[in-house]
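Biologist: Got a minute to walk me through this one? I'd like to start with the aromatics.

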Amino acid sequence: MPPLPNNTAARLATVLEQIRSTPERTETKALLTSIFGTGTDADFAEALSYFCQMPGEIERQVRALDEEEFDVEFFLQWVPPVNAAFTRLWSLTSPINSFQQAYSPTDIMNLRACSQTLHREKSEPRIAQSQIDDLRQQVQELIDALHASTDLPAELKICLIEQLDKVLMALRQYSIRGPRGLNAAVDTATGAAVRACSNHPPHTPEAKRWVQRFGTVLNNVAAVIVIAGGALAIPVQAESALQLFSGDSPATTQNASENGSQPDQNVPEPK
C-alpha cells in the first residue's frame, strides 16, 4: 500500500483503525495511552484534548473547499458516526468496545477518501517514523544529561529542560498533531531559551556548550521539518535565534533544505 497522505484526516483514520483492531475488552485509557505515547496523566489529558479536536478540525478543512468543485457532504459522511464515537469517551476506565461499535470500516474508508482530497489541496511534510524515533532519542539524551549537569545557572537549566520536555511531547504526539505541533514546540522552546539566556547568561565555556548543544538539537528537529516540506518551516526569527546557539552560518539550514541533506547528528558534548 502506498504511503497515506500526511494530514489530519489521514492521522485520524490511522488511529481509528488502531482502535478497531484492538480486543474489545481493552481498557480505553490503557489503549489511548499506548497510542498517544504518554507517560503521565497530565500528558495524557493534553493528548486526549488534541485527539478530540481532530474530527472538528477536519470538518472545517472540508467545508472550506469550493462547493462547486467538491461534494462537501459526500466527503463528510463519516462525521456523524465518528462524532458519536467520541461522545463515548467519557468513561476512560470502561472497555473500548463502546467506542469501536459507533463507527465502521466504511466510515474509515470515507475518512481516507476525505484525506486524499485534502492532500491534493494542501499537503504537509512527510516525516518517517524512524526520524521521529531518532529525534526523540536525541532530545531524551540531552534532557538526561542536563539533569546531571552542574555547570549551568539553575534557572537556565530548568528552562532548557522544560522546553525540551515540550519538544519531546510534540514528538510523541506526532501521530495526532503532526508537524504543526512540532513546529509550535520548537518555536516556543527557541523563544523561551533566548529569554532565559538573556536573564541568566551562560558565562562559562561549559555553560555555553550546553546552550550550543540545546540549539543543535532544536536545529535537528527543525531541519527534519524543513527538509521534509521542501521549504522553510520555521519563522526566520526562530531560525536566526537557533543559529546564535549552534554557531551555524545564516545559510546552513536553508542549504540543508535545498540540498536534501540530513540534519546534524553530531551534537557537541560539554567537557
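Modeller: Sure. Phe86 counts as buried because its relative accessibility is 12%, where buried means under 20% relative accessible area, exposed over 50% and partly exposed in between, with a 1.4 Å probe and protein chains only.

Biologist: And Phe99, buried or exposed?

Modeller: Buried, at 2% relative accessibility. Before we go on: this is a predicted model, where local features need pLDDT of at least 70 and side-chain atom pairs count only at pLDDT 80 or more, while totals for chains, interfaces and linings use all residues. Residues are numbered from 1 along each chain as its sequence is written, and side-chain values use heavy atoms, leaving out hydrogens and water.

Biologist: What does Phe99 touch?

Modeller: Not counting residues up to four places away in sequence, Phe99 touches Leu16, Ile19, Phe51, Ala85, Phe86, Arg88 and Leu89. Touching, or contact, is heavy atoms within 4.5 Å.

Biologist: How many aromatic pairs are there?

Modeller: The count is 6. Rings of Phe, Tyr and Trp (its six-membered ring) pair if their centres lie within 6.5 Å; planes under 30 degrees apart are stacked, over 60 edge-to-face, and the rest tilted. Phe74 and Phe75 make an edge-to-face pair, 5.3 Å centre to centre with 75 degrees between the planes. Phe86 and Phe99 are edge-to-face too, at 5.6 Å and 70 degrees.

Biologist: Which rings end up in a cluster?

Modeller: Ring pairs link Phe36, Phe44, Phe51, Phe86, Phe99 and Tyr103.

Biologist: Any charges over those rings?

Modeller: The charged end of Arg20 sits over the Tyr103 ring, 5.6 Å from its centre. Lys29 does likewise over Phe44, at 5.5 Å. The rule is NZ of Lys or CZ of Arg within 6 Å of the ring centre and within 35 degrees of the ring normal.

Biologist: Back to Phe44. Where is it?

Modeller: In helix α3; helices here are DSSP runs (H or I, at least four residues), numbered from the N terminus. Phe44 is buried at 4% relative accessibility. Its contacts, leaving aside neighbours within four places in sequence, are Lys29, Leu32, Thr33, Phe36, Thr38 and Leu92.

Biologist: New topic: the largest nonpolar core. Which members touch the most others?

Modeller: Leu12, Ile19, Phe51 and Phe99, out of 37 residues. A nonpolar core is a set of buried Ala, Val, Leu, Ile, Met, Phe, Trp, Tyr and Cys residues joined through side-chain atoms within 4.5 Å. Helix α3 gives the largest share, 7 residues.

Definitions and conventions
Helix = DSSP H or I, 4+ residues; strand = E, 2+ residues; numbered from the N terminus.
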